[in-house]
Amino acid sequence: MRLSRFFIDTPLSLGLQQLPEASAHYISRVLRLNVGAAVQLFDGSGAEYRGELTEVGKKQVAVTLREQFAGLPESRLHIHLGQGLSRGERMDWAIQKATELGAAEITPIISERCEVRLKDERADKRLAHWRQIAVSACEQCGRSVIPIIHPPTPLQEWIKLEAELKLVLHPVAEPLSAHKPPATLAFLIGPEGGLNDAEIGQARSAGFQPARLGPRVLRTETAPVVALSLAQQLWGDFQPGA
């Protein structure tokens, strides 16, 4: 039977540990796990812990952690995805799959053709929602480190970041394999309406090189799946034996 695995948003250590309220509620009231249930926990530090539940109440859950071991190593390719801000499930899908594919950082990008406008409290709620999507994706795929989900950022600000290789999707460009293997990669993907010519020009002036994924035009939520898969295959941890 598969071991239940949970992210705990507090530092973990061996021995008896009281779980945070949100985690306790989920384990006791949603999953209805009982005392003695085996669990595997991680706190985002890269370590994993195994133990069993020793107290399960309505408001408190305690676990005794008996084993600590190194979690799944992160990809040697540090990917920062700049994903054009899109509506609802499309953005959720992009963040979920980028997490599964090993992105280290994800920034929702605000550009001219974005159909979503987030301000103040609504923006904070969406950011918390996206971070929870990344946590759930890590619980499912086995990652021991949660990617950083940055607040939505204007394109003009994000393109100033530093990376060994910076790429922006463009239909006329060399394939990814034409580039030398980088250690850090910034990948810019436009929103549902794409980036306009001026924005692509701004990105190129900031050091972004055009990148082509294939002959077909991909949806904004499909593009990061293909882009990150290819990048990990060429330079990251999708290679045989990596």
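Is lysine 160 buried, partly exposed or exposed? Lysine 160 counts as exposed, because its relative accessibility is 56% and the cut-off for that label is over 50%. Keep in mind that what you're looking at is a predicted model.

To find lysine 160, look at the loop between α4 (155-158) and β10 (165-169). Proline 182 is a handy second landmark: the two sit 22 residues apart in sequence, and their C-alpha atoms are 18 Å apart in space.

**Salt bridges**

Next up are the charged pairs. Side chains of opposite charge can pair when their charged atoms come close. In this model the count comes to 10 salt bridges. Here are three pairs, with the distance from N to O for each.

| Acidic residue | Basic residue | N to O distance |
|---|---|---|
| glutamate 67 | arginine 50 | 3.5 Å |
| glutamate 74 | arginine 143 | 2.5 Å |
| aspartate 92 | arginine 126 | 3.4 Å |

Let's start with glutamate 67 and arginine 50, whose side chains meet in a salt bridge. Glutamate 67 belongs to strand β5 (residues 61-70) and arginine 50 to strand β4 (residues 47-56), so this pair ties together parts that are 17 residues apart in sequence. How open are the two partners? Glutamate 67 is partly exposed at 36% relative accessibility, and arginine 50 is partly exposed too, at 32%.

Then there's the bridge between arginine 143 and glutamate 74, at 2.5 Å from N to O. Both partners are in loops: arginine 143 in the one between α3 (120-141) and β8 (148-149), glutamate 74 in the one between β5 and β6 (78-84), so the pair ties together parts 69 residues apart in sequence. Arginine 143 counts as buried because its relative accessibility is just 4%, under the 20% cut-off. Glutamate 74, on the other hand, is partly exposed, with a relative accessible area of 32%.

Now for aspartate 92 and arginine 126, where the closest N and O atoms are 3.4 Å apart. This one runs between helices and links distant parts of the chain: aspartate 92 is in helix α2 (residues 88-100), while arginine 126 is in helix α3, 34 residues away. Aspartate 92 is buried, with a relative accessible area of 16%, whereas arginine 126 is partly exposed at 24% relative accessibility. Elsewhere, Arg87, Arg90, Glu192 and Glu221 are joined into one network by salt bridges that share partners.

**Cysteines**

How many disulfides does the model have? The count comes to zero. Take cysteine 141: the nearest cysteine sulfur belongs to cysteine 138 and lies 5.3 Å away, and cysteine 141 is in no disulfide. The reasoning is simple, because a disulfide needs two cysteine sulfur atoms within 2.5 Å. Cysteine 141 is partly exposed, with a relative accessible area of 27%. Cysteine 114, by contrast, counts as buried at 7% relative accessibility.

**A nonpolar patch**

Which residues form a nonpolar patch on the surface? They are Tyr26, Val30 and Leu31, and together they have about 250 Å² of accessible area. You'll find leucine 31 in the loop between α1 (21-30) and β3 (38-42). With 34% relative accessibility, leucine 31 counts as partly exposed.

Terms used
Residues numbered from 1 in each chain as written. Predicted model: local features only at pLDDT ≥ 70, side-chain atom pairs only at ≥ 80, totals over all residues. Heavy atoms only, no water. Helix = DSSP H or I, 4+ residues; strand = E, 2+ residues; numbered from the N terminus. Buried < 20%, exposed > 50% of the residue type's maximum accessible area, 1.4 Å probe, protein only. Patch = residues over 30% accessible without salt bridge, like charges linked within 9 Å, V, L, I, M, F, W, Y side chains within 5 Å. Areas by Shrake-Rupley, 256 points an atom, 1.4 Å probe, with all protein chains shown as cover. Salt bridge = Lys/Arg side-chain N within 4 Å of Asp/Glu carboxyl O.
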